[in-house]
Amino acid sequence: MIKSLITCDCGGSQTVDSDALAQATGLSVPRTCTALCTSQLQIAADALQAGDTAICCTQQSAIFDALADELEVASAPLIDIRDRGGWTEDTTSTGPKMAALVAEGLLPTHPDKTIDVVSDGLCLIVGPAATALAAAEALTPYLSVTVLLAPGEEHPGTTEADIIFGTLRRATGSFGQFSVSIDALQQPAPEGRGTPTLSPARNGAQSECDILLDLTGGTPLFPAPEKRDGYLRADPSHPGSVSAAILAASHMVGTFEKTLHIKSEPLLCAHSRAEQTGCTRCLDLCPTSAIQSAGEHVVIDPLVCAGCGACSAACPSGAISFDAPAASHTFVRINTLAKAYSDAGGATPHLLVTGSKGSEMIRMAARFGRGLPSHVIPMEITALNGFGHAEMVAAHGAGFTRVSIVPEPNSDRDALDTQMELARAIVGAETITLIDTPDPDAMSDALYDAPRSDAAHSPVRPMGTRRQITRQAARATLGSDTILPLPEGAPYGAVLVDTDACTLCLSCVSLCPSGALGDNPDLPQLRFQEDACLQCGICASACPETAITLEPRLDLTDAALEQRVIHEEEPFACVECNSLFGVKSTIDKITERLAGHSMFDEDKLRLIQMCDDCRVRAQMHSQNNPFTSAPRPKPRTTEDYLSKRRDH
């Protein structure tokens, strides 16, 4: 538990009100230092020895960590309130913003889950002979190298690397477990003088390696090649990139930790039911093809997953969620920032969501430019594409009047644009903005020029699933009597049924993965609960009458939480016992169509109008009982045998 906070005004370059910060955070905040990392380092040493202390400086983290090691104590949490708050052109108070940043910085964190990946240093190099052989010569002291040359290339003679000839047809896997398929494979014979003889060419040869160095300069072997661990790709005509790839490959031997970015719940997945394909949002978005169909749900290869987070933001059911850190931690950070800023007296907060590159832009703007406005609160996200519409709507509900996002160079813009479009449809286009610029000054100017307006609702900080948080935040913002139209493909909406075409076969009910569609065991009814609908489309594709269509929308009324009847018909009364069964219109239609048929006389038509019990009973007692068989043979007794004996 952190009890005190050490602050520094960095040589008088920022203003820190220690008394106001102490009142806002509830921590003990001594007099602000001026040169904590140099002449006042003893203050930091005393604080580290006392424990339960956080230091508001991240620039000199190496000094404070070294000091902690020297003192043989645990390192203190470091919080940046200078680049993100104190260094600014804005003349209004930065106290509320600093209080918010401190509150967020003191939130408990949990280590990421990891898996060990072992590399034995088996490296396959593919590319032109001159470049590939030079790379092999540089890597053989560190790795076990095999060079794949194109058919017809000349064997280089003696070399420490293994040389094979062929065409790399396909590669799968990732760092530590690549599997390659080679066509026209020829291997040199180890015996004989002169140029080595080659074995007969064969197709479909399989092999494995830990590292794949692609120097062909052609089409990448994998989608999103820069995100595939262990796959190094360089242009053979660019020596600098080749050297960088060789250097990176030389270090790829040993045991490494791979972060497990995603957590999955297969039972919640709405990918497919009964071979009817439904939701494919994650499959369509995954840049590395780490997600594959496995029947009624999807599976994720954790070693191929690059942790972009787009699948988590798009998943309508919560079957996939980001776990490094957990998605719930992002909502906690949003609520903490908003509450601490408001409690400290701040107004019109503006949330700025960035990745690592965006945070670097903030530091550059603070040191050399205008910095951030005092009401703009930055929040760095590990996986920017994991910040979806639920987080944006939650931020608006928590009290942020605007949410701005600075995309990363490697962000999936299509996925990000889809989530922003959905959030804008819910809370308004003017509240969700994208600042797409690599220029720190342009970013600062956009933030200073953005209009400021007070929140029109009382802040709420809902908890639960992403769907529940979205709904509660939207209700707080827009009211509980609103129905919003949403863009095509949104994970919220209604099921519309053509009652003239629907026969109440209820195949949609049996296949609905979320239970949004239901029936009534006592009456022919089709029921629907809109809040549970994922808009996966399985019901529409499975309907034999093509009677179902989907309407993307967000119903914030209480009716969306209840099951309502969307189609019902009069039940049919059994002509024998008068019990209700089936659908009257269906029974009448079948009877009408079969009337006059040679195989259906009046008695047969009457069977159709009976319930199950009466139908079986009537068939058992009918003259042409389908359940009857030939008469059983009469049992033979001793008397029967003796009666035929002549001596008896």
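Two strands pair here if DSSP finds at least two bridges between them, and helices (H or I, at least four residues) and strands (E, at least two) are DSSP runs, numbered from the N terminus. This is a predicted model, in which local features need pLDDT of at least 70 and side-chain atom pairs count only at pLDDT 80 or more, while totals for chains, interfaces and linings use all residues. Residues are numbered from 1 along each chain as its sequence is written, and side-chain values use heavy atoms, with hydrogens and water left out.

**View 1. β23 sits beside its partner β26.**
Leu-496 stands opposite Thr-549 in β26. That facing pair belongs to an antiparallel pairing of β23 with strand β26 (residues 548-555), made over 5 bridges. Strand β23 (residues 493-497) is largely enclosed by the rest of the structure, because 4 of its 5 residues are buried. (Buried means under 20% relative accessible area, exposed over 50%, and partly exposed in between, with a 1.4 Å probe and protein chains only.) When you look along the strands, keep in mind that side chains in a regular strand alternate between the two faces of the sheet.

**View 2. β25 has a partner in β24 and another in β27.**
Strand β24 (residues 517-519) and strand β25 (residues 525-528) pair antiparallel over 3 bridges. The two make a hairpin, with 5 residues between them. β25 also runs antiparallel to strand β27 (residues 564-568), and here 4 bridges do the joining. Arg-527 is a handy residue to centre on: Gly-518 stands opposite Arg-527, and Arg-527 stands opposite Val-565 in β27.

**View 3. A cis peptide bond joins Ala-324 and Pro-325.**
Omega for the bond between Ala-324 and Pro-325 is about 5 degrees. Pro-325 has its place in the loop between β17 (320-322) and α10 (327-343). Another proline to pick out is Pro-111, in the loop between α5 (95-105) and β3 (114-119). Pro-111 counts as exposed, at 75% relative accessibility. From C-alpha to C-alpha, Pro-111 and Ala-324 are 8.2 Å apart in space, though 213 residues apart in sequence.

**View 4. Ala-184 and Ser-289 have positive phi.**
Most residues other than glycine have a negative phi, and most peptide bonds are trans. Ala-184, a residue other than glycine, has a positive phi near 55 degrees. Its home is strand β7 (residues 178-186), and it counts as partly exposed at 23% relative accessibility. Ser-289 also has a positive phi, near 60 degrees. Ser-289 lies in a loop, between α8 (281-285) and β15 (291-293), and its relative accessibility of 38% makes it partly exposed.

**View 5. Thr-94 is buried in a loop between helices.**
The loop holding Thr-94 runs between α4 (82-86) and α5. Thr-94 has a relative accessible area of 10%, so it counts as buried. Leaving out residues up to four places away in sequence, Thr-94 touches Thr-15, Gly-85, Thr-88 and Ser-374 (contact means heavy atoms within 4.5 Å). Asp-17 is 77 residues from Thr-94 along the chain, and their C-alpha atoms are separated by 9.0 Å.

**View 6. Ser-579 lies in the loop between β28 and β29.**
Find Ser-579 between β28 (571-573) and β29 (580-583). With 29% relative accessibility, Ser-579 counts as partly exposed. Its contacts, apart from neighbours within four places in sequence, are Phe-572, Ala-573, Cys-574 and Cys-611. Leu-27 won't share this close-up: the C-alpha atoms of Ser-579 and Leu-27 are separated by 74 Å, and the two residues are 552 apart along the chain.

**View 7. Stepping back, the chain has 21 helices and 29 strands.**
The C-alpha trace spans about 130 × 85 × 50 Å along its principal axes. The chain's radius of gyration is 35 Å, whereas a compact globule of 648 residues would have one near 26 Å; the radius is taken over C-alpha atoms, and the globule rule is 2.2 Å times the number of residues to the power 0.38. Of the 648 residues, 47% count as buried. Among contacts with a separation of 6 or more, 65% come from residues 24 or more positions apart.
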